[in-house]
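The following exercises are to be worked with the sequence and the model side by side. Each task is followed by a solution in steps.

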Amino acid sequence: MAGKGTPATALLAKQKVAHVLHAYDHDPRAESYGLEAVEALGLDPARVFKTLVAEVDGKLTVGVVPVTGQLDLKALAAAAGGKKAKMADPAAAQRATGYVLGGISPLGHRSRLPVVIDASAERFETVHCSAGRRGLEVELAPGDLARLTGAVVAPIAG
(Lines give C-alpha, C1' and ligand atoms only; values in the text may rest on other atoms or scores of the structure.)
Protein backbone atom coordinates (compact mmCIF):
# COMPACT_ATOMS: atom_id res chain seq x y z
CA MET A 1 0.00 0.00 0.00
CA ALA A 2 1.44 3.34 -1.03
CA GLY A 3 1.58 6.08 1.57
CA LYS A 4 0.60 5.89 5.21
CA GLY A 5 -2.34 4.10 6.71
CA THR A 6 -5.62 5.69 7.72
CA PRO A 7 -7.62 5.65 10.96
CA ALA A 8 -9.76 2.92 9.34
CA THR A 9 -6.79 0.68 8.53
CA ALA A 10 -5.29 1.33 11.97
CA LEU A 11 -8.57 0.25 13.62
CA LEU A 12 -8.70 -2.93 11.55
CA ALA A 13 -5.10 -3.78 12.45
CA LYS A 14 -5.61 -2.99 16.15
CA GLN A 15 -8.75 -5.15 16.32
CA LYS A 16 -7.04 -7.93 14.30
CA VAL A 17 -9.93 -8.05 11.82
CA ALA A 18 -9.36 -10.03 8.62
CA HIS A 19 -9.43 -7.63 5.67
CA VAL A 20 -7.86 -6.98 2.29
CA LEU A 21 -6.86 -3.53 1.04
CA HIS A 22 -7.36 -2.71 -2.63
CA ALA A 23 -5.57 0.38 -3.95
CA TYR A 24 -6.12 2.02 -7.32
CA ASP A 25 -5.13 5.26 -9.02
CA HIS A 26 -7.86 7.78 -8.22
CA ASP A 27 -8.89 10.06 -11.09
CA PRO A 28 -9.78 13.52 -9.69
CA ARG A 29 -12.26 13.93 -12.57
CA ALA A 30 -14.31 10.87 -11.49
CA GLU A 31 -17.94 11.80 -10.92
CA SER A 32 -18.69 8.86 -8.61
CA TYR A 33 -15.94 7.64 -6.29
CA GLY A 34 -17.75 4.36 -5.65
CA LEU A 35 -18.31 3.55 -9.31
CA GLU A 36 -14.70 4.53 -10.01
CA ALA A 37 -13.61 1.85 -7.50
CA VAL A 38 -15.93 -0.71 -9.14
CA GLU A 39 -14.40 -0.05 -12.56
CA ALA A 40 -10.78 0.26 -11.43
CA LEU A 41 -10.86 -2.92 -9.35
CA GLY A 42 -13.29 -4.96 -11.47
CA LEU A 43 -15.72 -5.46 -8.58
CA ASP A 44 -19.39 -6.46 -8.39
CA PRO A 45 -21.13 -3.09 -7.78
CA ALA A 46 -23.64 -4.71 -5.41
CA ARG A 47 -20.72 -5.52 -3.04
CA VAL A 48 -19.23 -2.01 -3.05
CA PHE A 49 -20.70 0.35 -0.46
CA LYS A 50 -20.51 4.11 -0.19
CA THR A 51 -20.46 6.01 3.08
CA LEU A 52 -22.85 8.95 3.30
CA VAL A 53 -23.26 11.33 6.22
CA ALA A 54 -26.72 12.66 7.00
CA GLU A 55 -28.37 14.50 9.87
CA VAL A 56 -31.10 12.62 11.73
CA ASP A 57 -33.05 15.00 13.95
CA GLY A 58 -29.99 17.28 13.89
CA LYS A 59 -27.48 14.54 14.82
CA LEU A 60 -24.87 13.38 12.30
CA THR A 61 -25.51 9.79 11.28
CA VAL A 62 -23.70 7.58 8.76
CA GLY A 63 -25.52 5.57 6.11
CA VAL A 64 -23.65 2.80 4.27
CA VAL A 65 -25.38 1.78 1.03
CA PRO A 66 -24.46 0.06 -2.25
CA VAL A 67 -22.82 2.42 -4.75
CA THR A 68 -25.56 1.58 -7.25
CA GLY A 69 -28.32 2.68 -4.86
CA GLN A 70 -29.47 5.83 -3.13
CA LEU A 71 -29.74 6.49 0.59
CA ASP A 72 -33.42 6.44 1.61
CA LEU A 73 -33.45 9.27 4.15
CA LYS A 74 -36.81 8.23 5.65
CA ALA A 75 -35.55 4.69 6.18
CA LEU A 76 -32.29 6.00 7.67
CA ALA A 77 -34.21 8.19 10.13
CA ALA A 78 -36.40 5.26 11.18
CA ALA A 79 -33.41 2.90 11.58
CA ALA A 80 -31.60 5.51 13.68
CA GLY A 81 -34.63 6.04 15.90
CA GLY A 82 -35.37 9.50 14.54
CA LYS A 83 -38.11 11.27 12.68
CA LYS A 84 -36.45 13.34 9.96
CA ALA A 85 -33.21 13.08 7.99
CA LYS A 86 -31.40 15.24 5.47
CA MET A 87 -27.95 15.06 3.93
CA ALA A 88 -25.28 16.64 6.14
CA ASP A 89 -23.28 19.68 5.23
CA PRO A 90 -20.11 18.36 3.51
CA ALA A 91 -17.80 20.40 5.76
CA ALA A 92 -19.55 19.05 8.88
CA ALA A 93 -19.21 15.49 7.54
CA GLN A 94 -15.49 15.96 6.93
CA ARG A 95 -14.92 17.54 10.37
CA ALA A 96 -16.80 14.81 12.25
CA THR A 97 -15.27 11.86 10.38
CA GLY A 98 -11.77 13.21 9.81
CA TYR A 99 -11.94 12.12 6.16
CA VAL A 100 -12.32 14.00 2.87
CA LEU A 101 -15.38 13.55 0.66
CA GLY A 102 -14.92 10.56 -1.59
CA GLY A 103 -12.71 8.97 1.05
CA ILE A 104 -15.07 8.82 4.02
CA SER A 105 -14.87 5.38 5.58
CA PRO A 106 -17.49 3.96 7.91
CA LEU A 107 -14.56 3.00 10.17
CA GLY A 108 -12.29 5.08 12.40
CA HIS A 109 -14.17 8.38 12.64
CA ARG A 110 -12.76 11.29 14.58
CA SER A 111 -16.09 11.53 16.47
CA ARG A 112 -18.17 8.45 17.29
CA LEU A 113 -21.17 8.61 14.97
CA PRO A 114 -24.17 6.28 14.73
CA VAL A 115 -23.84 4.01 11.66
CA VAL A 116 -26.58 2.22 9.71
CA ILE A 117 -25.56 -0.37 7.10
CA ASP A 118 -27.97 -1.39 4.37
CA ALA A 119 -29.28 -4.92 4.93
CA SER A 120 -28.17 -5.99 1.44
CA ALA A 121 -24.61 -6.23 2.81
CA GLU A 122 -25.59 -9.39 4.70
CA ARG A 123 -26.06 -11.27 1.40
CA PHE A 124 -22.30 -11.31 0.81
CA GLU A 125 -19.36 -13.03 2.46
CA THR A 126 -17.35 -9.82 2.08
CA VAL A 127 -18.12 -6.24 1.08
CA HIS A 128 -15.97 -3.31 -0.01
CA CYS A 129 -16.02 0.22 1.39
CA SER A 130 -13.65 3.16 1.58
CA ALA A 131 -10.56 2.58 3.68
CA GLY A 132 -10.34 6.29 4.43
CA ARG A 133 -8.68 7.68 1.34
CA ARG A 134 -9.69 8.19 -2.29
CA GLY A 135 -8.26 5.28 -4.23
CA LEU A 136 -8.20 2.86 -1.29
CA GLU A 137 -10.93 0.30 -0.60
CA VAL A 138 -11.11 -2.28 2.17
CA GLU A 139 -12.75 -5.68 1.78
CA LEU A 140 -14.10 -7.26 4.95
CA ALA A 141 -16.97 -9.35 6.28
CA PRO A 142 -20.17 -7.31 6.76
CA GLY A 143 -20.49 -8.68 10.30
CA ASP A 144 -17.06 -7.28 11.18
CA LEU A 145 -17.98 -3.92 9.66
CA ALA A 146 -21.18 -3.81 11.72
CA ARG A 147 -19.39 -4.89 14.91
CA LEU A 148 -16.54 -2.37 14.59
CA THR A 149 -18.88 0.53 13.86
CA GLY A 150 -21.60 -0.47 16.34
CA ALA A 151 -23.95 -0.32 13.37
CA VAL A 152 -27.61 -1.06 13.02
CA VAL A 153 -28.32 -3.17 9.93
CA ALA A 154 -31.54 -2.16 8.17
CA PRO A 155 -32.96 -1.67 4.66
CA ILE A 156 -31.90 1.94 3.96
CA ALA A 157 -31.12 1.87 0.22
CA GLY A 158 -33.68 3.10 -2.25
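The exercises treat the sheets, a hairpin, a helix, a buried serine and a pocket in turn.

The model is predicted: local features need pLDDT of at least 70, side-chain atom pairs count only at pLDDT 80 or more, and totals for chains, interfaces and linings use all residues. Residues are numbered from 1 along each chain as its sequence is written, and side-chain values use heavy atoms, with hydrogens and water left out.

**Exercise 1. The five-stranded sheet**

Determine the strand order of the sheet that contains β4 and β8, and identify its edges.

Step 1. Strands are DSSP runs of E with at least two residues, helices are runs of H or I with at least four, and both are numbered from the N terminus. Two strands pair if DSSP finds at least two bridges between them.

Step 2. The order is β4-β2-β3-β5-β8, in an open sheet of five strands with mixed pairing.

Step 3. The edges are β4 (85-87) and β8; each has a single partner strand, so one side of each is left without a neighbour in the sheet.

Step 4. From one strand to the next the twist averages 35 degrees, where axes are lines fitted to C-alpha atoms (for helices over the stretch in contact) and angles run from 0 to 180 degrees between N-to-C directions.

Step 5. Two parallel pairings can be followed residue by residue. β3 and β5 are joined by three bridges, with Val62 opposite Val115 in β5. β5 and β8 are likewise parallel and joined by three bridges, and here Ile117 faces Val153 in β8.

**Exercise 2. The hairpin of β2 and β3**

Describe the pairing of β2 and β3 and the residue with positive phi in their hairpin.

Step 1. Eight bridges link β2 and β3 in the antiparallel sense; Phe49 stands opposite Pro66 in β3.

Step 2. Two residues lie between the strands of the hairpin, in which Asp57 has a positive phi near 50 degrees. Asp57 is not a glycine, and its place is the loop between β2 and β3 (59-66).

Step 3. For accessibility, buried means under 20% relative accessible area, exposed over 50%, and partly exposed in between (1.4 Å probe, protein chains only). With a relative accessible area of 48%, Asp57 is partly exposed. In β3, by contrast, seven of the eight residues are buried, so this strand is largely enclosed by the rest of the structure.

**Exercise 3. The three-stranded sheet and Ser130**

Establish the order of the sheet containing β6, then place Ser130 in its surroundings.

Step 1. The open sheet runs β1-β7-β6 with antiparallel pairing. β1 (20-23) and β6 are its edge strands, each pairing on one side only.

Step 2. Between β6 and β7 there are five bridges, and Arg133 lies opposite Leu136 in β7.

Step 3. Ser130 belongs to strand β6 and is buried, with a relative accessible area of 7%.

Step 4. Beyond neighbours within four places in sequence, the contacts of Ser130 (heavy atoms within 4.5 Å) include Phe49, Ser105 and Glu137. Ser130 and Gly102 are separated by 28 residues in sequence and by 8.1 Å in space, C-alpha to C-alpha.

**Exercise 4. Helix α5**

List the buried residues of α5 and the elements against which they pack.

Step 1. Within α5 (residues 142-149), the buried residues are Pro142, Leu145, Ala146, Leu148 and Thr149.

Step 2. An α-helix has 3.6 residues a turn, so residues three or four places apart point the same way.

Step 3. The packing partners of these buried residues are α1 (7-14), β5 (115-118), β6 (127-133), β7 (136-140) and β8 (152-154).

Step 4. Just after α5, Gly150 has a positive phi of about 65 degrees.

**Exercise 5. The largest pocket**

Which residues lie nearest the centre of the largest pocket, and which strand gives the most to its lining?

Step 1. A pocket is an open set of points on a 1 Å grid over the protein atoms alone, where a 1.4 Å probe fits, with protein on both sides within 12 Å along at least five of seven lines; lining residues have an atom within 4 Å of a point.

Step 2. The largest pocket holds about 530 Å³ of space. Of its 27 lining residues, Tyr33, Lys50, Thr51, Leu52 and Gly102 lie nearest the centre.

Step 3. β2 gives the most to the lining, with five residues.

Methods:
Points joined across faces, edges and corners; volume = space filled by probe spheres on them.
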